[in-house]
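Please walk through the model below, starting from one pair of side chains and moving outward to the contacts between chains.

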Amino acid sequence: MISFIILMSIVVCFSAILALALNFQWGKGGMVNFGLSGFYTLGAYAAALLILKGGANAFVATVGAMLIVAVVCGLVALVTLRVTEEDYFAIVTLGVGEMLRLVSLNEDWLTNGALGLAGIPRPFGASVPPEMYPYFLLGLSLALLAFTYAALTVIARSPFGRLVRAVREDDVVAATLGKNVLWARVRIFAIGGAFIGLAGSMHSFYYQYIDPTQFTNIVIAYAFMAVIAGGRGAHLGTIAGAAVVMVLLEGSRFLKDAIPALNSDQLAAIRIIIIGAGLIALLIWKPQGFLKEYRLRTEERT
Amino acid sequence: MYIIQTAFNGVISGVIMTLPALAVTLLFGVLKFPNFAVGAMMTVAAYLAFALNAQLGWPLLAAALTAALAMGVLCIAIDQVTFKPLRERGGITLMVASLGLGFILENLARFAYGNAARSFVIELARPFRVADIRMNYEQMITLSVSATAMLLMWFLLSRTATGRAMRAVADNPALALVRGIESPRVIRWTWFITGLLLGVGGVLIGMDRALEPPMGSNYLISVFAAAILGGLGSPLGAFVGAIIIGVVSELSTLVLPPNYRIGVPLVAIALVLIFRPQGLFGQPYIRK
Amino acid sequence: MRKTRRDIIKTIGATTASALAAPYLNLAHSQGAPIPIGVGLPLTGNAGAYGPDMGEAARRTAAMINAAGGVLGRRLELFIEDSESSAAVAANLTQKFINVHKAQACIGYWGTPEGMSSRPIAIQNKTVLMVSSAANAITEGDTQGYVWRFQMKATDWGIVIGRATVDKLGFKSVGIMGLQNAFVLPIMTEFTARMRAAGRTVTDSLIYNPEQPSYRAEVERIFGKKPEAVFCFGLLPDFVSIMKEVYRGGFDSKVVALSIMADAEGKFVQAVGDKVAEGIRHFQPMPDLSAPGYKRFLKLMGAPADRVYLFPPNTHDQIAITALAMERAKSPMAVDWSKQIIAVGNGPGEQTDDVVEALKLVRAGKPVNFQGAGSTCDFTPNGDQIGRGMGQWIIKGGKSVFVEYAKP
């Protein structure tokens, strides 16, 4: 049971990083990312391929995966250079995400196609005794989560962070004030993308085997749920939201024993129905989530 | 010959997309958000028709019409519960809610019928030939149903008070209100017609292939591409966009591996956004 | 009847005697802690139909071995868990079997993703992994003798289907279409090579994605060239859509497929109707139904004599081979007994299909050549099973009619 809790905690860590990344793009910057699962796939494959075919070590592979996803995300944001309507952008991200998943499935020479990539070595796997490894990986994951949290918090409180919020609230006003909105949008989406890449790399290191079936669009629902539950824009809230979503999801596996009449397809369906309903319910009744976004509290000082 | 046959197949694929593309564009015109649940709504309608047709033994035509009407009513109900409370929060919130709604609807179908492929109870027929092009009976049904629906839509939008009100709200909701157009009523009508279109569209897709939970959402990107290409908000554009996307997608398989067909709608969206954001038939969109 | 004092004393005496004797009896039958075995099965998910019977076979086989004294005087203890037909869940299960239950054998593993995701974990932890999946990649590369396939390798499917096509069906020209899927591609490659080698024309071949809006373009490309027969390798949902398209397109090439597509316990015919399904041939690896090992297995399962089990016999064989190899190595550690798998499976030695009998022989120090329920349990050094065959059926009037059984 202890080992199960440790493994669960690691999964929560990389889900939380993914949710923080989405929170930055959507919660802070107002850029909806419906291609999340595709970018996550890209991160996982980039890290795995840099190690398996590029001979890189885990650190270089992770940084490389972050850069690759950031660049691709930045390019996607460029497509919207003439329209900044979120509707169009959401559809574009959905399409690009789907395309990335198709590439992972069809380009055998690179990704091994449906067979997937096996034998991804664990970071520091040689120097940590196997029985201690889960604890080590949990420590590493917590450290990376803390790093993500710190990095995104610093960015959010910087002058650029204020520009990000300005773009979210009203990009026309931001543009009128002489800010380069297009460039800001590219940077917002790329920075978020880097951390999606980090989450993807951790997925590869955790499972040591990746194949296209692991990356379904359900990831998008989970991540949006985590961000909405935690409060759009609020970092700590997002982490808490991710933890609650993952614990509920994994916990619902035990439902199978409680309700033997349901088969697992039906249970999987119920899980997603609950997530979808929770998402809408939160949007309606608790749109600010359970924790508030950090703001400079100028009004209190005056 | 092969090229002409492939192009004809593309027209059929395009015609299947016209009704959902029309639904997307109509809803966007009035409510100003793209509905990501259109795919799942078609799936639900197809399974409703399946329940009546295969399980209760109704003829498919009766089952399809009943399912479409039911979907129209269901869409009004969904709007009351889901979108109405969020109406003032802007397009992004509505869009995210529609994504959640799509997950719910698709999985309701999965919960009830599982992942196995199913079919309507209709006699499949061998094709006939016109000038050496193979056509079949179901394709003719698809063509005539879509054409009829397009004509009815044209009549509705241009010749009826409701249709004119819908267009007025689409053009300028504030002005429409001032001129005494009751927008909640218009919104209900819009959802009802959207439901009808998606209901019929779902059944057409179900006739074309097997019924499976992801059958509708597989079309999502192509349908959006059709609507954007034609110009979001333009019914004529949706029709033309759907045919273009269908034909180009099928023809692309002559030169590209068929498993990247989804790239065609994607490239279409990107080109439109870069060179002509208002689409082929849309009005240049001026914000604020 | 009133109990007399004597009866009561007798009862107490008997109880005491058996209580006293019990530890010694146990000692005789199973000394020390039980031997843990992890069993990962698709109890749910897209292969959920297959798991429960495999689990029952595992339980009955282990119970039979335990009743006959266990292995190395110890009881076999099974941990049966649901892989949900998912790679990620199977990987977590394998970690749990090895780290929590200290299993030295992880068996079951129906699908290719489950096998592929668990393979590195098993090798890393020096634990034996026994799978029922077909993809070649499962046993490719350096497995260090820890990965064993209890199923026909995908390439062999291509060989059997190819030979049946050349020798019996005699198609001159074929079109080939396959789903983008790990176990389908090696079948396609091998089959295509066989057709070319036999001088048959391959008019065209392509790979398609799952969950496409329609398969019109693919069907047009493959069937439009009018080959005598089209071989389609995929899964049930795509095959239903494809066959509707083929029928309505008016194509008349013969169609050959796999049973998981064209039969799937009657689901295919139910979905497309008798007319569309008429004349489709389909192939699937299966046990030799006439083998004494399979008949013995039916008795163990308490099943009627005409029951066709596709996968549960493999699970039975996995436990039997594990038990025999452990007994022969005199060690429950995979490092030791993994080296004895070929010795007990391939022989040379006395042939027997009764695992209890085989265990007695091994304990007596005699060599055995175990004949399983699903196959003859012969292996290549890299862990592939040989000697398993395929059945061929043809759909007539909505029913699958058995044609023949053939080995590669």
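Which side chain of chain B meets that of C:Arg248 in a salt bridge? The partner is B:Glu138, with an N to O distance of 2.2 Å. The model is a predicted one, and that distance, like the other values here, is computed from it. The pair crosses between chains: C:Arg248 sits in helix α8 (residues 236-248) of chain C, and B:Glu138 in helix α5 (residues 137-159) of chain B. Both ends are buried, C:Arg248 with a relative accessible area of 3% and B:Glu138 with 6%. The pair also belongs to a network of salt bridges that links B:Glu138, B:Asp208, C:Arg216, C:Glu245 and C:Arg248. Over all chains, the search of the whole structure finds 27 salt bridges.

One member of that network, C:Arg216, leads to helix α7 (residues 216-223) of chain C, where eight of the eight residues are buried, so the helix is largely enclosed by the rest of the structure. The buried residues of α7(C) include the charged side chains C:Arg216, C:Glu218, C:Glu220 and C:Arg221. Buried with them in α7(C) are C:Ala217, C:Val219, C:Ile222 and C:Phe223.

C:Arg221 of this helix meets C:Asp204 in a salt bridge of 3.1 Å, N to O. C:Asp204 lies in strand β7 (residues 201-208) of chain C and C:Arg221 in helix α7, so the pair ties together parts that are 17 residues apart in sequence. The cut-off for burial is a relative accessible area under 20%. C:Arg221, at 19%, therefore counts as buried, and C:Asp204 is buried at 15%.

A further salt bridge within chain C joins C:Glu81 and C:Lys96, the closest N and O atoms being 2.9 Å apart. Here strand β2 (residues 76-82) holds C:Glu81 and helix α3 (residues 87-99) holds C:Lys96, so the bridge connects parts that are 15 residues apart in sequence. Both residues are partly exposed, with relative accessibilities of 22% for C:Glu81 and 29% for C:Lys96.

What of the cysteines? The search of the whole structure finds zero disulfides over all chains. C:Cys377 is in no disulfide, and the nearest cysteine sulfur, that of C:Cys106, is 19 Å away. C:Cys377 is buried, with a relative accessible area of 0%, and C:Cys232 is buried at 2%.

C:Ser375 lies in the loop between β12 (368-370) and β13 (378-379) of chain C. This serine is buried, with a relative accessible area of 7%. Its side chain is joined to that of C:Gln385 by a polar contact of 2.9 Å. Leaving aside residues up to four places away in sequence, C:Ser375 touches C:Asp317, C:Gln385, C:Gly387 and C:Arg388.

Another loop of chain C, between β4 (128-131) and β5 (147-149), contains C:Ala137. C:Ala137 is buried at 11% relative accessible area. Its C-alpha atom is separated by 9.4 Å from that of C:Pro186, which is 49 residues apart along the chain. Apart from residues up to four places away in sequence, C:Ala137 touches C:Met116, C:Arg119 and, in chain A, A:Leu115.

That last contact leads to the interface of chain A and chain C, where 20 residues of chain A are in contact with 26 residues of chain C. A:Leu115, A:Tyr207 and A:Tyr209 supply 27% of the area that chain A buries here, more than any other three residues. The two chains bury about 1,900 Å² between them, with carbon and sulfur atoms giving 56%. No salt bridge is found across this interface, while four residue pairs are in polar contact. Helix α4(A) gives the most to this side of chain A, with three residues. By class, the side has eight nonpolar, six polar and six charged residues.

Chain A also meets chain B, with 48 residues of chain A in contact with 43 residues of chain B. The area buried is about 4,000 Å², of which 77% is on carbon and sulfur atoms. In chain A, A:Tyr88, A:Ile91 and A:Ile280 lose the most area to chain B, together 16% of what that side buries. The rule finds zero salt bridges across this interface, and four residue pairs are in polar contact. Again α4(A) gives the most, here with 14 residues. The residues on this side of chain A divide into 32 nonpolar, seven polar and nine charged.

Methods. Residues numbered from 1 in each chain as written. Chains lettered and ligands numbered in written order. Predicted model: local features only at pLDDT ≥ 70, side-chain atom pairs only at ≥ 80, totals over all residues. Heavy atoms only, no water. Contact = heavy atoms within 4.5 Å. Buried area = accessible area lost by both parts, 1.4 Å probe. Salt bridge = Lys/Arg side-chain N within 4 Å of Asp/Glu carboxyl O. Polar contact = N/O pair within 3.5 Å; in protein donor to acceptor, adjacent residues only side chain to side chain. Helix = DSSP H or I, 4+ residues; strand = E, 2+ residues; numbered from the N terminus. Buried < 20%, exposed > 50% of the residue type's maximum accessible area, 1.4 Å probe, protein only. Disulfide = S-S within 2.5 Å.
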